Amino acid sequence: MSDPFSLAGATVLVTGGTRGLGAAISLRLARAGAAVVANYARNDEAAQALEGRARADGLALEVLRADLTLTKGLALVKERMEQCAGTVSIVHCAATGVHRPFEQLTAKHLDWTMSLNARAFFEPVQALLPKLGDGSAVVAMSSAGAVRAVPAYTAVGTSKGALEAMARHLAVELAPRGIRVNVLSPGSVETGAWDAFPDREQRLAQARRRSPLGRLVSPDEVACAAQFLCSAASRGVIGHTLVVDGGARIAE
């Protein structure tokens, strides 16, 4: 194996793959040689911008609009990935959430958050199981809120905790088939996702102070970790949660 980090010949579905960390991961995997299908639900402008960047760089990256919380969206993704030759891998970056104190949350808020953050991981993996095989990687994007309390994060943290538990179970069940399932848990990264928090700047400033690096981790640093988990270099890594936060969680 000349380069165990290469993704040449691989095909990867990146859900939520056209904005923020998802876009960074889509580009990084494509630059490593993968054919990437970057899935998204609504933002056509961001998808077109990503596709334009990929085209300018000569990367094998296409975008696919399909809402994974809907039956027809899941069917579109399944149909497209079944057209790919060989096995595929999956990186689940799609996420949403309602950021409110517990007493302001409703069952509808929780159901919506769980539907994309956890169920939309479960269903594509199950639907594409015939396309997953020896050498395939499945990566679920989590967050610190899965294991620690974060203000106004009850719905999202709950969904991420469920996502991590699901990934561990799949890791054990699918490992005999040669399918590696792992979790990638970034620290604070300055993306548009922070716009949902009314105290965005305060939280980011606190994150910088906590970090031993004295800064936030970059989208590309997280994307490089995703490349590792998708590559043969991680062939002995099963059911692991890889934290990429510059050491912030151990310094708290």
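Author: Let's begin with a term: helices (H or I, at least four residues) and strands (E, at least two) are DSSP runs, numbered from the N terminus. Two notes on the source come next. This is a predicted model, in which local features need pLDDT of at least 70 and side-chain atom pairs count only at pLDDT 80 or more, while totals for chains, interfaces and linings use all residues. Residues are numbered from 1 along each chain as its sequence is written, and side-chain values use heavy atoms, with hydrogens and water left out.

Reader: Thanks! How many helices and strands does the protein have?

Author: There are 8 helices and 7 strands. For the overall fold, we can use the radius of gyration, taken over C-alpha atoms, and a globule rule of 2.2 Å times the number of residues to the power 0.38. Here the radius is 17 Å, close to the 18 Å that the rule gives for 252 residues, so the protein is as compact as a globular protein of that length. The C-alpha trace spans about 50 × 40 × 40 Å along its principal axes.

Reader: And what share of the residues is buried?

Author: Buried means under 20% relative accessible area, exposed means over 50%, and partly exposed lies in between (1.4 Å probe, protein chains only). Buried residues make up 48% of the 252 residues here. For the surface itself, accessible areas come from the Shrake-Rupley method with a 1.4 Å probe, and for residues only the protein chains shown count as cover. The protein exposes about 11700 Å², with carbon and sulfur atoms supplying 54% of it.

Reader: How should I read contacts, and what percentage of them join residues at least 24 apart?

Author: Contact means heavy atoms within 4.5 Å. If we take contacts between residues at least 6 apart in sequence, 73% join residues at least 24 apart.

Reader: Could you show me a residue in a helix? Where is alanine 120 found?

Author: Alanine 120 is found in helix H4, which covers residues 107-127. Its relative accessible area is 1%, so alanine 120 is buried. Leaving aside neighbours within four places in sequence, alanine 120 is in contact with Leu68, His92 and Ser115. A second helix example is alanine 24, in H1 (residues 20-31). Alanine 24 counts as buried at 16% relative accessibility, and it touches Pro219 and Ala223, again not counting residues up to four places away in sequence.

Reader: Now a strand, please. Which residues does asparagine 182 touch?

Author: Asparagine 182 has its place in strand E6 (residues 180-186) and is buried, with a relative accessible area of 1%. Not counting residues up to four places away in sequence, asparagine 182 touches Val138, Val139, Ala140, Leu229, Val237, Ile238, Gly239 and His240.

Reader: What about loops: is serine 143 buried or exposed?

Author: Serine 143 sits in the loop between E5 and H5, and at 11% relative accessible area serine 143 is buried. Beyond its neighbours within four places in sequence, serine 143 is in contact with residues including Tyr153, Lys160, Glu164 and Arg249.

Reader: What is the phi of alanine 152?

Author: The general idea is that most residues other than glycine have a negative phi. Alanine 152 has a positive phi of about 60° although it is not a glycine. Its place is the loop between strand E5 (137-141) and helix H5 (154-174), and at 24% relative accessibility alanine 152 counts as partly exposed. Arginine 100, in the loop between strand E4 (89-92) and H4, is also a contact partner of Ala152, with Leu105 and His109 completing its list once neighbours within four places in sequence are left aside. Arginine 100 is partly exposed, with a relative accessible area of 36%.

Reader: As a bench biochemist I always check the cysteines. How many disulfides are there?

Author: A disulfide is a covalent bond between the sulfur atoms of two cysteines. Here it is taken as a pair of cysteine sulfur atoms within 2.5 Å. By this rule the count is 0. Cysteine 84 is in no disulfide, and the nearest cysteine sulfur, that of cysteine 230, is 14 Å away. Cysteine 224 is in no disulfide either, with the sulfur of cysteine 230, the nearest, 12 Å away. Cysteine 84 is buried at 10% relative accessible area, while cysteine 224 is partly exposed at 33%.
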